Amino acid sequence: WQLIKIALANLIDNAAKYSPPDSEIGLRVRSGGDDAVLIEVQNQGERISPELRSRIFEKFIRGSHADGVHGVGLGLFLVNWIAHLHGGSAEVVSSAEGNIFYLRLPKAP
């Protein structure tokens with residue numbers, strides 16, 4: 001559970017760093033089917049380009065929109081690593097309204 005807390009903290013921290021000041025950050029936990037839990041963290045930040053989305057969970061990857069934002073590009077790498085370590089996955093969907101990061105984890109037996 002400690003690692004899952006780290007993954008969730010990284011997603012929320014990124015949402016806060018890359019969203020406009022005073023914008024809302026959404027957090028939702030729901031069923032991801034019979035065998036999974038889906039955690040969603042939504043921000044109102046700048047749309048992530050398709051090129052960056054395909055690499056965003058890699059180590060040390062940061063977009064041009066990250067200029068002036070504290071970090072080295074390890075947060076989302078850790079989210080993805082933790083998800084896979086638990087048999088889950090991480091992904092992002094981006095639109096004009098913002099970005100939604102998904103952390104899918106298998107349900108405990």
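**Sheet pairing and nonpolar core**

Arg-28 has Glu-40 in strand 2 as its bridge partner. The model is predicted, with local features requiring pLDDT of at least 70 and side-chain atom pairs counted only at pLDDT 80 or more, while totals for chains, interfaces and linings use all residues. Residues are numbered from 1 along each chain as its sequence is written, and side-chain values use heavy atoms, hydrogens and water being left out.

Strands 1 and 2 run antiparallel and are joined by 6 bridges. Strands (E, at least two residues) and helices (H or I, at least four) are DSSP runs numbered from the N terminus; two strands pair if DSSP finds at least two bridges between them. The open sheet contains 4 strands in the order 1-2-4-3, with antiparallel pairing. Strand 1 (26–31) and strand 3 form its edges, each pairing on one side only. The average turn between neighbouring strands is 20°, direction ignored.

Helix 1 packs on the sheet and touches strands 1, 2 and 4 (contact: heavy atoms within 4.5 Å); its direction makes about 25° with that of strand 2. Helix 3 also packs on the sheet, touching strands 3 and 4, at about 135° to the direction of strand 3. Angles run from 0 to 180 degrees between N-to-C directions, with axes fitted to C-alpha atoms, for helices over the stretch in contact.

The largest nonpolar core (buried Ala, Val, Leu, Ile, Met, Phe, Trp, Tyr and Cys residues joined through side-chain atoms within 4.5 Å) has 20 residues. Buried denotes under 20% relative accessible area, exposed over 50% and partly exposed in between (1.4 Å probe, protein chains only). Leu-76 is among the members touching the most others. Beyond neighbours within four places in sequence, Leu-76 contacts Leu-11, Asn-14, Ile-56, Phe-57 and Phe-101.
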